[in-house]
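Me: Could you take a close look at one helix in this structure for me? Start with the end of it, then work outwards to whatever surrounds it.

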Amino acid sequence: MSVTTTLDRTGSETTAVERTATALVPVAGVASCLPVVGSDTLVPLVDGRTVPYANLDCAASAPALCAVADRVTEVLPLYASVHRGAGYLSQVSTALYEASRRAIGSFVGARSDDVTVVTRNTTDSLNLLAGCIPDGPDGAPGRVLVLDVEHHANLLPWQRSAGGATVLVGETSVAGTLAALRAELAAAPYALVAVTGASNVTGESLPVADVVAAVHAAGARVVLDGAQLVPHRRFSLSETGVDYIAFSGHKTYAPFGSGVLAGRRDWLDAGVPYLAGGGAVRHVGVGDVVWTDAPARHEAGSPNVVGAVALAAACDALAALPEGVLAGHEAALRTRLVNGLSTVPGVQIVTAWADAVDPVGVVTFSVVGHDPGLVAAYLSAEHGIGVRDGRFCAHPLLARLGYDAGAVRASVGVGTTLDEVDRLVTALHAYVSTGPVARYEIVDGCWAVVDDPRPLPTGSGLTGLVGTAAAAFGAGGPACGPAPA
Ligand SMILES: Cc1ncc(COP(=O)(O)O)c(C=O)c1O
């Protein structure tokens, strides 16, 4: 274990990392707090140089943790058909799958009688739950209450559910929004309230305890869209009283196609099986079927064993971080990002609530008078920085906040460093002072470099790409680069 003190670019003293067996523990967000695959990947710029990729798009999809890649490599030789195979490796795969389910459930503090369903992603999980909402005491299909701040994945499934949804327009403060939520709950009966655990636009959230208290007092249940919460903060179903949580493996450093819905058993046991097919049944006759209970009830077809194992490994690695490290890492990065952005002329940071506390590391901004797509293309082509632009699948919120034309989003994760944040701020300063160097045009609705010299794969090969996965995954499996010092 070592602690290194250095001067950062601004001359401030920063303490680097303590290295433990499982985690690189940052003290001030200066270095990554868990090693991720590809942290040393080089990318080409339009001027012919190569630079390390600055991945500031973790909210969309986060890189795999090294622990995840190692675990997948370890279990692949043991992989065989799951659940119904008599072979020894089938039994091993089944045991791995079910152990992963338990580890994931435990990571989100599942109660002893909760169910953890392995899905494809958050969208899948919320669509699944939308089909399980029971009728109300009056026999009418249960309705859902949802705010307009939500990602479309936490908006559209409820509108298609049997009882439909009411979309409540958020207020400009957390306090005002909670008051509006309470008023609506008092005015009409709801079976379920669907709220974000952290906005994928602003990183902000409503206080979970207040939401749960208000919803439960009204006799309804709460589902938390945990897509941006679980990768960034500790969360527990049993401690918060939240009824259901949904999240995605690819945002939780396990990009192997799995997602999760965890929560109360009764609705999931009684709900219409999400997919009809093998594995979800006890018995099938020519004209009848007896469905099994959750979770298998909603996991018809061959389940994603490797995805579940990968996600469980990510959960274990995140859980092993000492208390407060993840939140502290992100707070340091977010503060540096927000402070840096506020020094760039013309940059406006998007917020939904003036009084939100403890936002996660997701920051959306606009460069006034500049197309967000052009800014994002420039950051990639001239600085090797990956961000996202657009309306982030949150059209109602962007419209209400006056960003119909979209914005730019920078988001950080466990592998992000202060240096990467500084590179973004420096690049934006260059953009607003001297403008892009390359020429850009709109192709198929997206900004692109005219005659972009940077290679992209045209087939299965990776020839010509710099710092590619091919290099990273050379002879010895996934390479995670040197530990930050
Ligand atoms: C808050 C939030 N909810 C839901 C989703 C949907 O996640 P997925 O695409 O993994 O289903 C996202 C994805 O960006 C998100 O940020």
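Reply: 
**One helix and its surroundings**

Right after helix H11, glycine 384 takes a positive phi of about 65°. (Helices are DSSP runs of H or I with at least four residues, strands are runs of E with at least two, and both are numbered from the N terminus.) Bear in mind that this is a predicted model, where local features need pLDDT of at least 70 and side-chain atom pairs count only at pLDDT 80 or more, while totals for chains, interfaces and linings use all residues. Residue numbers run from 1 along each chain as its sequence is written.

Now H11 itself, residues 372-383: its 12 residues should span 16 Å at 1.5 Å a residue, and the end C-alpha atoms do sit 16 Å apart, so the two agree. (The expected span is 1.5 Å times one less than the number of residues.) Is this helix enclosed or open? 10 of its 12 residues are buried, so H11 is largely enclosed by the rest of the structure. Buried means 20 or more other C-beta atoms within 10 Å of a residue's own, exposed means 12 or fewer, and partly exposed lies in between, with C-beta atoms placed from the backbone. Among the buried ones are Pro372, Leu374, Tyr378 and Glu382.

Further along, phenylalanine 392 sits in the loop between strand S20 (388-390) and H12. Phenylalanine 392 has a positive phi of about 55°, though it isn't a glycine, and with 24 other C-beta atoms within 10 Å it is buried. Aspartate 444 also has a positive phi, about 50°, without being a glycine. That one is in the loop between strand S22 (440-443) and strand S23 (446-449), and its 5 C-beta neighbours inside 10 Å make it exposed.

Stepping back, the chain splits into domain 1 (5-64 + 323-472) and domain 2 (68-320), with bounds from an automatic or database domain assignment. Over C-alpha atoms, their centres are 29 Å apart. Domain 1 puts 34 residues into the contact and domain 2 puts in 36; contact means C-beta atoms, placed from the backbone, within 7 Å. On the domain 1 side, helix H10 (325-341), strand S18 (362-367) and helix H12 (395-400) each supply at least two residues. That side is made up of 25 nonpolar, six polar and three charged residues. (Ala, Val, Leu, Ile, Met, Phe, Trp, Tyr, Cys and Pro count as nonpolar, Asp, Glu, Lys and Arg as charged, and the others, Gly among them, as polar.)

Then there's the largest nonpolar core, with 136 residues; Leu65, Val68 and Ala314 are among those with the most contacts inside it. Such a core is a set of buried Ala, Val, Leu, Ile, Met, Phe, Trp, Tyr and Cys residues joined through C-beta atoms within 7 Å. Helix H9 (residues 305-320) gives the most to it, 12 residues, and both domain 1 and domain 2 chip in at least three each. Setting aside neighbours within four places in sequence, valine 68 touches Tyr253, Ala254, Ala310, Ala313 and Ala314.

One long-range pairing to finish: alanine 31 and leucine 418 are 387 residues apart along the chain, yet 6.8 Å separates their C-alpha atoms. Alanine 31 lies in the loop between strand S4 (24-26) and strand S5 (42-44), and its 25 C-beta neighbours inside 10 Å count it as buried.

Key: Contact = placed C-beta atoms within 7 Å. Expected span 1.5 Å × (residues − 1).
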